[in-house]
Amino acid sequence: MPIYEYRCESCGFQKEFIQKMSDAPLTVCPECGKETFSKMLSAAGFQLKGSGWYQTDFKGGSCPAKEESKAAPACGMAGGCGCG
Ligand SMILES: [Zn+2]
């Protein structure tokens, strides 16, 4: 079934509805109740909006002062940094 995108001209409410081709188009806005709800012609089918891939920082796994050896812990506590 196709997806139709509707928009209200009064309040700007926007929503996608799955309807049959034979279904009567919606006219009443579910948000404000006015009959200014109309089908947007541009949207047909699925629309990928704002697909963002966020690269998260890797936490842990490296100790900045490992070469100092365990005699002089630079990570705060001795053996507390998790790097050995
Ligand atoms: Zn509305």
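The exercises below work through a predicted model of one protein, each with a solution in steps.

Residues are numbered from 1 along each chain as its sequence is written. Because the model is predicted, local features need pLDDT of at least 70 and side-chain atom pairs count only at pLDDT 80 or more, while totals for chains, interfaces and linings use all residues.

**Exercise 1. Find which secondary structure elements the protein has and in what pattern they follow one another.**

Start with the definition: helices (H or I, at least four residues) and strands (E, at least two) are DSSP runs, numbered from the N terminus. By this rule the protein has zero helices and three strands, and reading along the sequence gives the pattern β-β-β.

**Exercise 2. Describe how strand 1 and strand 2 are joined.**

Two strands pair if DSSP finds at least two bridges between them. Here strand 1 and strand 2 run antiparallel and are joined by five bridges. Next, look for residues that stand opposite each other: Tyr4 faces Phe17 in strand 2, and Tyr6 faces Lys15 in strand 2. Finally, consider the connection, where five residues lie between the two strands of this hairpin and Gly12 in the turn has a positive phi of about 85 degrees.

**Exercise 3. Work out which residues form the largest nonpolar core and which strand gives the most to it.**

A residue is buried if 20 or more other C-beta atoms lie within 10 Å of its own, exposed if 12 or fewer, and partly exposed in between, with C-beta atoms placed from the backbone. A nonpolar core is then a set of buried Ala, Val, Leu, Ile, Met, Phe, Trp, Tyr and Cys residues joined through C-beta atoms within 7 Å. The largest such core consists of five residues, namely Tyr4, Tyr6, Cys8, Cys29 and Phe37. Strand 1 (residues 3-8) gives the most to this core, with three residues. In a regular strand the side chains alternate between the two faces of the sheet. Strand 1 has a covered face with Tyr4, Tyr6 and Cys8, and an uncovered face with Ile3, Glu5 and Arg7. Over the whole protein of 84 residues, 6% count as buried.

**Exercise 4. Decide whether Phe13 and Met40 are buried, partly exposed or exposed, and list what each of them touches.**

Take Phe13 to begin with, which sits in the loop between strand 1 and strand 2 (14-18). Phe13 counts as partly exposed because it has 16 C-beta neighbours inside 10 Å. Two residues are in contact if their C-beta atoms, placed from the backbone, lie within 7 Å; leaving out residues up to four places away in sequence, Phe13 touches Cys8, Cys29, Glu31 and Cys32.

Turn now to Met40, which lies in strand 3. Met40 has 12 C-beta neighbours inside 10 Å and therefore counts as exposed. With residues up to four places away again left out, Met40 touches Glu5, Tyr6 and Arg7. Met40 and Arg7 are 33 residues apart in sequence, yet their C-alpha atoms are 6.6 Å apart in space.

**Exercise 5. Find where confidence is highest and lowest among the strands.**

The scale is pLDDT, the predictor's confidence in each residue, from 0 to 100. The protein averages 74, and 49% of the residues score at least 70. Strand 2 has the highest confidence, at 93, whereas strand 3 (residues 37-44) has the lowest, at a mean of 74.
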